[in-house]
Amino acid sequence: MRVKSLFLQHGRQLTTLFVLILLSAALWALSPHFMSLSNWLNIAQQTAINAIIAAGMTFVIISAGIDLSVGSILALSGVVMASALQAGAPVPLALLLCLVVGALCGSANGLLIARGKLPPFIATLGMMSVARGAALIFSDGRPVSGFAPGFRAIANGEFLAIPLPVWIMAAVYLIAHLVLSRTRLGRYTYAIGGNEEATLLSGVNVKLHKTLVYSLAGLLSALAAILLTARLNSAQPIAGMNYELDAIAATVIGGTSLLGGEGQIFGTLIGAFIMGVLRNGLNLLGVSSFVQQTVIGAVIIVAVLLDMMMKKRRS
Amino acid sequence: MISGRPVLEMHHIGQVFPGVVALDDVHFDLMQGEVHVLLGENGAGKSTLVKILSGANPRSSGQILLDGVEVRIETPRRAQELGIAIIYQELNLIPALTAAENIFLGREPRRRSGFIDQKRVVTDAQSLLDELHAGIDASRRVCELSVAQQQMVEVARALSLQARILIMDEPTSALTGQEIGELFALIRRLTQRGVSVIYISHRMEEIFEIGERVTVLRDGRHIETRPIAGTSREELVRLMVNRELKEHFPKVRVEPGAEALRVEKLSRRGVLEEISFTLRRGEVLGIAGLLGSGRTELARALFGADPVDGGRIFIKGKPVRIGSPRDAIHQGIGYLTEDRKGQGLVLNLAVRENICLASLARFSRLGWVSRTRESNAASGFVDKLRIRTPGLGQQVRYLSGGNQQKVVMSKWLCSESRILLFDEPTRGIDVGAKVEIYQLMNKLAADGAAILMISSELAEIIGMSDRVLVMCQGRIAGELPAAEATQQKILNLALGGN
């Protein structure tokens, strides 16, 4: 009985998890090195950046929106932070600045969508270009590189033998889960995505909450920028290209409906891991990056096709 | 010009939707060159009947004969091939294309090269429009045309499809007096050419002006077909409403208390015109009127969902400003919308989440929702309103219509609304659940809530209201105390009579 209700509530996530396990087993069979602890920590560390962006994307997509600007916001907040660090700003201040820049770009998206009534696709498409351009202008088109070890420890450091980025990812998901399931913001995110009109007629401040959702997506992009910059020891104005597509893919593979109103944050985490495992496994097998692209694209299509077929079956 | 043989005969037409018999053994026929009016209350079955003809309802029963030959109309395309065209209230034109492009949409004349022959599109369309004396330039874009002109374009499109039977559903609802005259002249020219017209309208004057015969439907049944000449308006109204009150209304009258809501000259251009009324505690004020009379628009304006141009709203005697649903809810107003699934519920949220949606702030601190308090409140309403659900966590999409409606009601009770706007509270709900909702309304009124109930069901209006306001074309056409309200009186006011 308990198992059954668990499956009913989280059926979609369990299927995704099953796919991840299956995929891992297959890669293990093909490459014994795949199952080592060090490789898994490596996968987790590489997945962290996409997973963190995808967490914000999940909020946006549950609210029946889309955010194409996350990669550009990452680049902009990254170069701003890097310049501050090089100008001698203390690390905490630079980090804060980075997060503020990301959140501000996100709230600009939100305001354009909620108040300006722009379709999310258009507003964030514009922001994608504006933020990218701003990053290039700000950095004069050049990478900003070389930071103190204290900052780089954010990416290299470990706690209990687990890399810090993995801890940060875990914390983001835990908090995102609590926000989505236990707070008004979370509830209204689902409600707006499920039926915006009914939500508005229930007296919910739809504009405010939409703006908050996009601000959160921007904030998490900036957090990803911190991790990426620390790992590469360099902030690049062209960083984060196509990251929006990876984030959308992880979200959709994880079972969040692009129509909005439905989705679970841990599904997205599994989705991000499916993509990470696939990349890692294909690398281990020596598959060329061109072929990898094709395979990952095919996986996204198959995942969504399967999901739609299962949904049809159920109804 | 009416010739003696029917072009269309419909026999024993029946249509059953899940839980509802929409049409039951209906007969209808249409002579060549005739304008045959289809008359009936909202929900009498007019639309269902013409949808069967236009191929939109392929699963009906009965027999349809065209020129004496039995046909099956399974798709809109088939209806088109048979020469049946329908012009809906909402016009089906593409605004960004020209009149000519719309007329030939999907069947554009081609050149040998395969490209569209633009010149022929325009000249052919222009000659069609000229035949109708439409006075429209075929190369103008539809969005630049008036509603009346757009209707002409639709008619031209129908004629270009060799339509012999033209169905017009409330064609005058958006036209001015002069445009109506032009439309009627057009209809007369069409009938002279042998086209037959099925004309649906609520407006009595028009029916007498344009129609030759009238068929009255009521509750999905054929009541009578008769020539319009020699019949009177009163007779038609009687045919439309004459039915015994089958349903039992458990109305309990409460002595009305203090004034809860007063509206003075509430106006919105083209929609509401100087609406004034008072609603007291313990009272159920029924709002009757035909579709498009401004009933729902009134509720939306009171709830802050639509802007108003003028007028004042008083709650408990104090003037208030209601600019948004949030303001309205703060003032203790709740709005049960007529479109339950589209506007009332978030279908993929749970029963508990829907019940608490309008009052979540009460169950949370610093944005953190207390599930315990929320569940306690929700389960209280599930018990009190007897909502049949496997649990508080059930998605409302899986509940029956009646239980869904109770969830919406719970939402407004949970937000402690004292002024309840109920728009079609029992639409699409089975009889048992209807009675439960009526009893709930009684209980609310007895507790001192003020209820404004909009309904298309006259029996419900009469059975449950303490007082009835009848709306017509955005105005209040009259007020009737419950004791004096009869279906005939209400319908007479709703149709614009005195």
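**Close-up 1. Helix H7 of chain A, with its buried side and its exposed face.** In this predicted model, where local features need pLDDT of at least 70, side-chain atom pairs count only at pLDDT 80 or more, and totals for chains, interfaces and linings use all residues, helix H7(A) runs over residues 164-182. Residues are numbered from 1 along each chain as its sequence is written, while chains are lettered from A and ligands numbered from 1 in the order in which they are written. Helices (H or I, at least four residues) and strands (E, at least two) are DSSP runs, numbered from the N terminus. H7(A) has 19 residues and reaches 26 Å from its first C-alpha to its last, close to the 27 Å expected at 1.5 Å a residue (the expected span is 1.5 Å times one less than the number of residues). Its buried residues are Pro165(A), Ile168(A), Met169(A), Val172(A), Tyr173(A), Ala176(A), Val179(A) and Leu180(A). They sit on the same side of H7(A), because they cover an arc of only 135 degrees around the axis (taken from the directions from the helix axis to the C-beta atoms). Here, buried means 20 or more other C-beta atoms within 10 Å of a residue's own, exposed means 12 or fewer, and partly exposed is in between, with C-beta atoms placed from the backbone. Turned away from the buried side, you'll find the exposed residues Ala171(A), Leu174(A) and Ile175(A). The buried residues of H7(A) pack against several elements of chain A, including H2, H8 and helix H12 (265-284); contact takes C-beta atoms, placed from the backbone, within 7 Å.

**Close-up 2. Where chain A meets chain B.** Chain A puts 19 residues into the contact and chain B puts in 23. On the chain A side, helix H8 (184-194) and helix H9 (196-201) each bring at least two residues. H8(A) gives the most, with 6 residues. By type, the chain A side splits into 6 nonpolar, 8 polar and 5 charged (Ala, Val, Leu, Ile, Met, Phe, Trp, Tyr, Cys and Pro count as nonpolar, Asp, Glu, Lys and Arg as charged, and the others, Gly among them, as polar).

**Close-up 3. A six-stranded open sheet in chain B.** The 6 strands follow the order S16-S19-S20-S13-S21-S22, with mixed pairing; strands pair if DSSP finds at least two bridges between them. Strand S16 (333-336) and strand S22 (475-481) stand at the edges with a single partner strand each, so one side of each has no neighbour in the sheet. Neighbouring strands are turned by 20 degrees against each other on average, direction ignored. Within the sheet, S13(B) and S21(B) pair in the parallel sense over 5 bridges, and Ile287(B) stands opposite Leu469(B). Helix H17 (residues 487-494) of chain B packs on the sheet, touching S13, S21 and S22, and its direction makes about 30 degrees with that of S21(B) (axes are lines fitted to C-alpha atoms, for helices over the stretch in contact, and angles run from 0 to 180 degrees between N-to-C directions).

**Close-up 4. Two residues with positive phi.** Most residues other than glycine have a negative phi. Ala64(A), though, has a phi near 70 degrees, and lies in the loop between helix H2 (37-62) and helix H3 (70-86) of chain A. Leu366(B) has a phi near 50 degrees, in the loop between strand S17 (364-365) and strand S18 (368-369) of chain B. Ala64(A) is buried, with 21 other C-beta atoms within 10 Å, whereas Leu366(B) is exposed, with 6.

Conventions. Contact = placed C-beta atoms within 7 Å.
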